[in-house]
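Got your viewer open? Let's take a short walk through this model, one selection at a time.

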Amino acid sequence: MLESSTGKALESIAPTPSKYMRLNLGPSHPATHGTLRIFVELEGELIRGMKLEIGYLHRCFEKMAETHPWNQVIPFTDRLNYVSAMMNNVGYVMAVEKLLGIEVTKRCQRIRLIMCELSRIVDHLVCIGTNAVDVGALTCFWYFFRERENIYDLFEAVCGARLTTAFTRVGGLYKDIPDGWVEWCGRVLENLPRTIDDVDGLLTNNRIWIDRTRGVAPISPELALEYGFTGPCLRATGIAYDIRRVNPYYEYGNFEWDVVTETGGDTYARYLVRMQEMRQSLRILKQALKDIPEGSVNVDDWSITLPPKEDVYNSIEGLMAHFKLIMHGIRPPMGEVYSATEAANGELGFYIRSEEEGAPFRCRVRPPCFAIYQAFPEMLMGQTVSDAVAALGSLNIVAGELDR
Amino acid sequence: MLEIDINWIDSKYPGLLAVAKEFILGQEPMSPEPVIILKSEGIRVVVPFLISSGERPMTTMVDLFAFDYLKSKLDMPERFAVVYQFANLMENRRIFLKVYLDEDKPEVDSIHDLVRAANWFEREAWDLYGVVFRGHPNLVRILCHQDFEGHPLRKDYPANQFQRLKSSTSSQGL
């Protein structure tokens, strides 16, 4: 009976007959939003034991990164947290730029920041929307996914893709933003506060929602730290850790915004944190969309970014630089760096070692989900199966990032 | 090649030298991050100190992963290494510990009982690199299939190698 389709051992539930009923949630279940297998032992409705099996979406990102040129790793990063691919793109190129010891142009920094905040909003919209669906509130899902589509239209306009954006390049961006994009973005964002208010009105004081989420799957601040929580799940326990504030990159230090925290560490607190973070992201975006610095989006170094096409076709230097970069790629100097960004789920870190080759020697991703999901059994002990479904959505486990 | 900058370690992590001087081999010269290279037997001395050292402990184990230096251009001390990253998140202090491990016997003590986060990270390092964590209660594959042979992130495992799945199901461990 209890067989695993990937054959991996689920920690160690004893194979002897048990007084508890055993049940598989997943691996393919509407509430897992991805392929996760949760194996529970139940006493009536109550969870008395839980084992997790992951790896269904393992594509060996780190091995692939070692066999591809530096810039060609970027499309792979899209497939980590595929809900907010822009932030993975930015996180990876930031680490490579740290290896190279370069700083990207002011315009590039600003555009990356805008994309990151738009992605954060999308990620939170999806997380809250699907979480609400899991507990039976379909309306919020439609409201939020309408806004999500609008933001994906913005992404499509800058890079041609909605989900798998691959927008950044080492030392710059694939392209500058098109004319009129900033105004369009402003119009899209004008609608958002109203949508957030609508869902706020539907959920925050909704008795059913509160019953289903308050006190569900709580975690204490101490335990959250020990498990390596970061991002909204950690801030929901009352710890105001946000890399954008503690160790600001790009222009996060110059804008006015607040780190959102809640207490309780339960599903309701995580929901509240995400709702308010969207409002904070809107605040940042409002400031960031004003006075975008002029100039190029790529660093002025043809050994890192492609030269403009006019130079490629009209000068021998441009042609050579283009050829060299396409054929040999960039070659960062020897070194090992760690660079972390605040992704939608928490700290997304890249530990990269370069040996002056065309591809990374080692590219380690520190995924925020992996640490968070590990605490899931402990958070759910003694709670009900329906709590597990509500809690899973609020942790925002994205299988692409979890399994890499 | 490994040099110990005693003043640097002492200024960043007061007390660490007193506790673990005999285990500290040096700093990683290739990295701008604070990477301390340790003897593998020192890990269970240094980690307890880091997570409970007075008023400024490291609150979180952020990451744990392995390295395979087989095809490195440089003359590395050993083939394998495990890197631990500890942080005090609010103070934005980080420390990396690197432990080099022998090619024939890549083994290091598990720290799963000291830091809860280590459990899965150690399983992952074992799965992908074959590093054995002594004392780990459940050192089984976490990302690859249980019937997978070898350790895919090792440098001598070809990136394009496929394995045929021999069994579709298995109930080991259930």
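Start by selecting chain B as a whole: of its 174 residues, 42% are buried. Keep in mind that you are looking at a predicted model. Switch to a cartoon view and you'll find 4 helices and 7 strands in chain B. Follow the chain along its sequence and the pattern reads α-α-β-β-α-β-β-β-β-α-β. While chain B is still selected, here's something about its contacts: among those with a separation of 6 or more, 50% are between residues 24 or more positions apart.

Now for the sheet. In chain B, 5 strands form an open sheet with mixed pairing, in the order 1-2-5-4-3. To find its edges, select 24-27 and then 60-68 of chain B: these are strand 1 and strand 3, and each pairs on one side only. Look at how neighbouring strands sit against each other: on average they are turned by 25°, direction ignored.

Next, zoom in on residues 80-88 and 93-101 of chain B. These are strand 4 and strand 5, an antiparallel pair joined over 9 bridges. Which residue in strand 5 of chain B is the bridge partner of Phe86(B)? Click on Ile95(B) and you have that partner.

Last stop, two helices. Select residues 43-51 of chain B: this is helix 3, which lies across strand 2 (35-38), strand 4 and strand 5. Helix 3 of chain B runs at about 170° to strand 5. Then pick residues 118-129 of chain B, helix 4, which packs on the sheet and touches strand 3 and strand 4. Compare directions here: helix 4 of chain B makes about 10° with strand 3.

Technical notes
Residues numbered from 1 in each chain as written. Chains lettered and ligands numbered in written order. Predicted model: local features only at pLDDT ≥ 70, side-chain atom pairs only at ≥ 80, totals over all residues. Pairing = 2+ DSSP bridges. Helix = DSSP H or I, 4+ residues; strand = E, 2+ residues; numbered from the N terminus. Axes fitted to C-alpha atoms, helices over the stretch in contact; angles between N-to-C directions. Contact = placed C-beta atoms within 7 Å. Buried ≥ 20, exposed ≤ 12 C-beta atoms within 10 Å, placed from the backbone.
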